[in-house]
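Let's take a walk through this structure together, one part at a time. Keep the view open beside you and follow along as each part is named.

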Amino acid sequence: MRQKRVAAIHDISCFGKCSLTVALPIISACGTETAVIPTAVLSTHTGGFKNFTFRDLTDDLLAIARHWKSEGITVDAVYTGYLGSKAQVEIVCKIIEEIQNEATKVIVDPVMADNGRLYNGFDSDFPLQMKKLCMKADVITPNITEASLLLGIPFEQSPHSREYIESILYKLRELTGKSVVLTGVCPDEKSIGAAVFDGDNIDYCFAERVPSSYHGTGDIFASTLTGVLMNGKTLYESAGVAVEFTRSCIERTFKDHKEMRYGVNFEAELPNLMKLLNR
Ligand code: PXL
């Protein structure tokens, strides 16, 4: 079988285990080539570090995609994550238009917020721009905060009622016309997971909740989902593997340290991902 190729469009946070430093190893471990379009290079991610460096690569993005195109390089999927500015979101929409063919799957993780708040550095109109990118996706993977910002509805703390979750899924489906994997769904204090809506069915995948949170786990989840999807699994199966793999990374890290900014020890759990994938 021909090897699948994903174009991952995210920043490189040199330290802190998120975006490309997570997407590359995880999607590669799933057996899929991971071509990258780095949007910026930062010394660390922006979640809890001060005075980080930021090298903007906005001017290179379209040129990279166009060079690939001129060389006849095609991709089976485009997977986008953290984008540092509204201009970058606009350009990524254009890249998708230019490199997509009928078979290309577009996975958009609308990274911009968590715990009811936009991340540092994003203006209040950023979600409106992110909405445009979501409309180009086949699958979107917002957390509950991002979903409420995309929809302009109030954010509700956990525990989340079934009605609240399903109204979000239906509204996001209406917005994008495509599949939704909603993350950070907590039906009670003991569980956390994802709600999956492919347009026909709503399914849930839950795991035991570890009482700590770490930076970059959304990227671990969406990267795993992308890598597993490229192995021909269904969206629901892929979300199930992503929930379980993310849980195992958090659990291992929790036994080791509680420094949220440093991210999770996903590396030691990669053999577990292989088992979940039956590779
Ligand atoms: O994990 C998402 C992410 C990626 N990249 C950068 C970030 C964040 C979240 O804060 O700051 C630079």
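In this predicted model, the buried residues of helix H1 are covered by parts of the chain that include E1, E2, E4, helix H7 (217-229), H8 and H9. Which residues of H1 are buried? They are Leu20, Val22, Ala23, Ile26 and Ile27. These residues span an arc of only 155° around the axis, so they sit on the same side of H1. Just after the helix comes glycine 31, with a positive phi near 90°.

Next, look at the sheet. Nine strands make up an open sheet with mixed pairing, in the order E3-E2-E1-E4-E5-E8-E9-E10-E11. Strand E3 (54-56) and strand E11 (202-208) are at its edges, and each has a single partner strand, so one side of each is left without a neighbour in the sheet. As a general point, the strands of a sheet pair through backbone hydrogen bonds, in either a parallel or an antiparallel way. Here, strand E1 (residues 5-15) and strand E2 (residues 33-44) run in the parallel sense and pair over nine bridges. For a spot to find on screen, try alanine 8, which stands opposite valine 36 in E2.

Helix H1 (residues 20-29) packs on this sheet, where it touches E1, E2 and strand E4 (77-80). The direction of H1 makes about 140° with that of E1. Helix H3 (residues 86-99) packs on the sheet as well, touching E1, E2, E3, E4 and strand E5 (105-108). The direction of H3 makes about 175° with that of E4.

Now for the interior. How many residues does the largest nonpolar core have? It has 45 residues, and those with the most contacts inside it are Ile95, Leu133, Ile165, Leu169 and Leu182. The largest share of this core comes from H3, which gives six residues. Leucine 182 is a good place to pause: apart from its neighbours within four places in sequence, it is in contact with Pro142, Asn143, Ile144, Ala147, Ile165, Ile168, Leu169, Gly193, Ala194 and Ala195. Another core, of 23 residues, lies apart from the largest one, and among its members are Leu20, Ala77, Val181 and Phe221. Leu20 is also one of the buried residues of H1.

Let's turn to the charged residues. Side chains of opposite charge can pair when their charged atoms come close. In this model the count comes to 14 salt bridges. One of them joins arginine 2 and aspartate 76, with the closest N and O atoms 2.7 Å apart. This pair links distant parts of the chain, 74 residues apart: arginine 2 is in the segment before E1, and aspartate 76 is in the loop between helix H2 (58-70) and E4. Are these partners buried or exposed? Arginine 2 is exposed, with a relative accessible area of 53%, whereas aspartate 76 is buried, at 14%.

Glutamate 33 and arginine 5 form a salt bridge too, and their closest N and O atoms are 3.0 Å apart. Glutamate 33 is in strand E2 and arginine 5 in strand E1, 28 residues apart along the chain. Glutamate 33 counts as partly exposed at 31% relative accessibility, and arginine 5 is partly exposed at 21%.

A further salt bridge runs between lysine 17 and glutamate 267, with the closest N and O atoms 2.9 Å apart. Its partners are 250 residues apart: lysine 17 is in the loop between E1 and H1, and glutamate 267 is in the loop between helix H8 (235-254) and helix H9 (270-277). Elsewhere, Arg66, Lys94 and Glu98 are joined into one network by salt bridges that share partners.

Lysine 17 also leads to another residue to visit, histidine 215, which is in contact with it. Histidine 215 is in the loop between E11 and H7, and it counts as buried at 17% relative accessibility. Setting aside neighbours within four places in sequence, histidine 215 touches Lys17, Cys18, His45, Gly47, Met260, Arg261, Gly263 and Val264.

The last stop is valine 228, in helix H7. Valine 228 is buried, with a relative accessible area of 0%. Beyond its neighbours within four places in sequence, valine 228 is in contact with Cys30, Lys233, Ser238, Val241 and Leu277.

Terms used. Residues are numbered from 1 along each chain as its sequence is written. This is a predicted model: local features need pLDDT of at least 70, side-chain atom pairs count only at pLDDT 80 or more; totals for chains, interfaces and linings use all residues. Side-chain values use heavy atoms; hydrogens and water are left out. Two strands pair if DSSP finds at least two bridges between them. Helices (H or I, at least four residues) and strands (E, at least two) are DSSP runs, numbered from the N terminus. Contact means heavy atoms within 4.5 Å. Axes are lines fitted to C-alpha atoms, for helices over the stretch in contact, and angles run from 0 to 180 degrees between N-to-C directions. A nonpolar core is a set of buried Ala, Val, Leu, Ile, Met, Phe, Trp, Tyr and Cys residues joined through side-chain atoms within 4.5 Å. Buried means under 20% relative accessible area, exposed over 50%, partly exposed in between (1.4 Å probe, protein chains only). A salt bridge is a side-chain nitrogen of Lys or Arg within 4 Å of a carboxyl oxygen of Asp or Glu. The arc is that of the directions from the helix axis to the C-beta atoms.
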